[in-house]
There are 2 protein chains.
Amino acid sequence: MDRISLQNLTIEQLFNYNKLMDTKKIEMPDTTLLYDLSDFFKLMGDSTRIQLLWALEENEMCVGDLANLLNMTKSAVSHQLKILRSAKLVKAEKRGKNVFYALSDHHVKTILEMALEHLNEG
Amino acid sequence: MDRISLQNLTIEQLFNYNKLMDTKKIEMPDTTLLYDLSDFFKLMGDSTRIQLLWALEENEMCVGDLANLLNMTKSAVSHQLKILRSAKLVKAEKRGKNVFYALSDHHVKTILEMALEHLNEG
DNA sequence: TTGACAGTTGAATAGTTGTTCAACTATAAT
DNA sequence: ATTATAGTTGAACAACTATTCAACTGTCAA
């Protein structure tokens with residue numbers, strides 16, 4: 001069956017359409033859920049944070065090393081790490097003068113690889 | 001072996017560290033790749049676009065219907081659809097007065113579900 | 001204790017981005 | 001032909017965000 005626009009329907013047509021939708025159980029998920037989803041992707045939607053996650057995927061590292069690796073100031077890196085930390089994607093541990101950061105979530109790698117696969121096939 | 005900070009190393013220690021890194025083949029991927037990755041996530045990092053993708057996952061739909069479903073103006077929806085379209089995530093087909101949009105990529109659903117799973121377990 | 005280094009923080013700035021508004025095109029109906 | 005509807009577009013505005021800068025804390029070494 002061809003899809004139709006709800007905008008052009010008579011009352012009766014709209015009624016039938018609604019019945020159809022009922023039987024197919026088409027429904028939007030909770031709005032807050034979609035907001036959480038987009039918030040999560042927003043975290044990944046920044047090249048600095050992606051690079052940080054990628055680097056920490058391989059190595060536990062401290063702020064200065066990450067700053068060297070990405071050619072950024074320690075301040076900028078620290079700001080972004082704080083965001084990743086408050087989202088519970090990385091965890092920090094202080095040892096002496098250094099603060100070492102590590103991934104706290106194993107899903108991240110999977111999602112990164114998933115997206116890479118998408119990009120490669122596109 | 002405990003991780004160390006490159007910042008505190010002597011030349012000799014740094015040399016040994018580099019040898020270690022060589023054997024472990026730790027390397028950052030091409031920078032442009034990570035930029036593509038974050039660009040992709042940036043697309044998903046907006047609740048309007050996530051809702052559009054979610055809706056189109058179930059239904060091919062036209063602009064007015066999507067606008068009704070999300071309680072937005074047709075203009076706002078059209079702008080966002082244009083972004084999704086230029087990223088080749090949706091495709092458009094004009095039929096009569098309507099323009100019907102549909103997902104053009106099957107990876108999207110998988111990635112959405114992946115992220116949802118992550119959110120549920122967190 | 002003093003100096004040096006690692007990292008954090010808040011304010012300021014510059015760049016980005018989503019929505020609105022108004023004007024426009026194109027299709028269908030009377 | 002005229003009118004109404006569906007959708008697109010560009011400019012303008014407001015909100016958001018990443019980086020920089022300067023000041024600060026805490027730790028180690030001399």
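**Exercise 1. Which elements of chain A and chain B each supply at least two residues of the surface near DNA strand D?**

Solution. The model is a predicted one, and the surface can be read chain by chain. From chain A, the elements that each supply at least two residues are α3 and α5; from chain B they are α4 (63-70), α5 and β3 (98-103). The next step is to look at individual residues: of the 27 residues around DNA strand D, those that come nearest are A:Ser75, B:Gly64, B:Ser75, B:Ser78 and B:Tyr101. On the DNA side, sugar and phosphate make up 73% of the atoms of DNA strand D that come within 4 Å of the protein. By class, the residues of this surface divide into 7 nonpolar, 13 polar and 7 charged.

**Exercise 2. Identify polar backbone atoms of chain B that lie close to phosphate oxygens of DNA strand D, using 3.5 Å as the limit for a polar contact.**

Solution. Begin with B:Gly64, where a polar backbone atom is 2.7 Å from a phosphate oxygen of DNA strand D. Then take B:Val63, which has a polar backbone atom 3.3 Å from a phosphate oxygen of that strand. Finally, B:Val99 likewise places a polar backbone atom 3.3 Å from a phosphate oxygen of DNA strand D.

**Exercise 3. Describe the surroundings of DNA strand C, from the nearest residues to the contributing elements.**

Solution. There are 28 residues around DNA strand C, of which A:Gly64, A:Ser75, A:Ser78, A:Tyr101 and B:Ser75 come nearest. Sugar and phosphate account for 74% of the atoms of this strand that come within 4 Å of the protein. Turning to single contacts, a polar backbone atom of A:Gly64 is 2.6 Å from a phosphate oxygen of DNA strand C, whereas the polar backbone atom of A:Lys97 is 3.4 Å from a sugar or linking oxygen. A:Asn98 uses a polar side-chain atom, which lies 3.0 Å from a sugar or linking oxygen of the strand. The elements giving two or more residues to this surface are α4 (63-70), α5 (74-86) and β3 (98-103) of chain A, together with α3 (47-58) and α5 (74-86) of chain B. Sorted by class, the surface has 7 nonpolar, 13 polar and 8 charged residues.

**Exercise 4. Work out how α3(B) and α5(B) are oriented and which residues meet where they pack.**

Solution. The two helices pack at an angle of about 75°, and their axes are 10 Å apart; α3(B) is therefore roughly perpendicular to α5(B). On the α3(B) side, the residues in contact are B:Thr48, B:Arg49, B:Leu52, B:Leu53 and B:Leu56, and they meet B:Val77, B:Gln80, B:Leu81, B:Ile83 and B:Leu84 of α5(B). By class, this contact has 7 nonpolar, 2 polar and 1 charged residues.

**Exercise 5. In what order do the 3 strands of the open sheet in chain A run, and which helices pack against these strands?**

Solution. The strand order is β1-β3-β2, with antiparallel pairing. The edge strands, each pairing on one side only, are β1 (61-62) and β2 (90-95). Between β2(A) and β3(A) the antiparallel pairing extends over 6 bridges, and A:Ala92 has A:Tyr101 in β3(A) as its bridge partner. Helix α3 (residues 47-58) of chain A packs on the sheet and touches β1, β2 and β3 of that chain, its direction making about 90° with that of β3(A). Helix α5(A) lies across β2 and β3 of chain A and runs at about 120° to β2(A).

Note on methods: Residues numbered from 1 in each chain as written. Chains lettered and ligands numbered in written order. Predicted model: local features only at pLDDT ≥ 70, side-chain atom pairs only at ≥ 80, totals over all residues. Heavy atoms only, no water. Near = heavy atom within 4 Å. Polar contact = N/O pair within 3.5 Å; in protein donor to acceptor, adjacent residues only side chain to side chain. Helix = DSSP H or I, 4+ residues; strand = E, 2+ residues; numbered from the N terminus. Nonpolar A, V, L, I, M, F, W, Y, C, P; charged D, E, K, R; others polar. Axes fitted to C-alpha atoms, helices over the stretch in contact; angles between N-to-C directions. Parallel < 35°, antiparallel > 145°, perpendicular 65-115°, else oblique. Contact = heavy atoms within 4.5 Å. Pairing = 2+ DSSP bridges.
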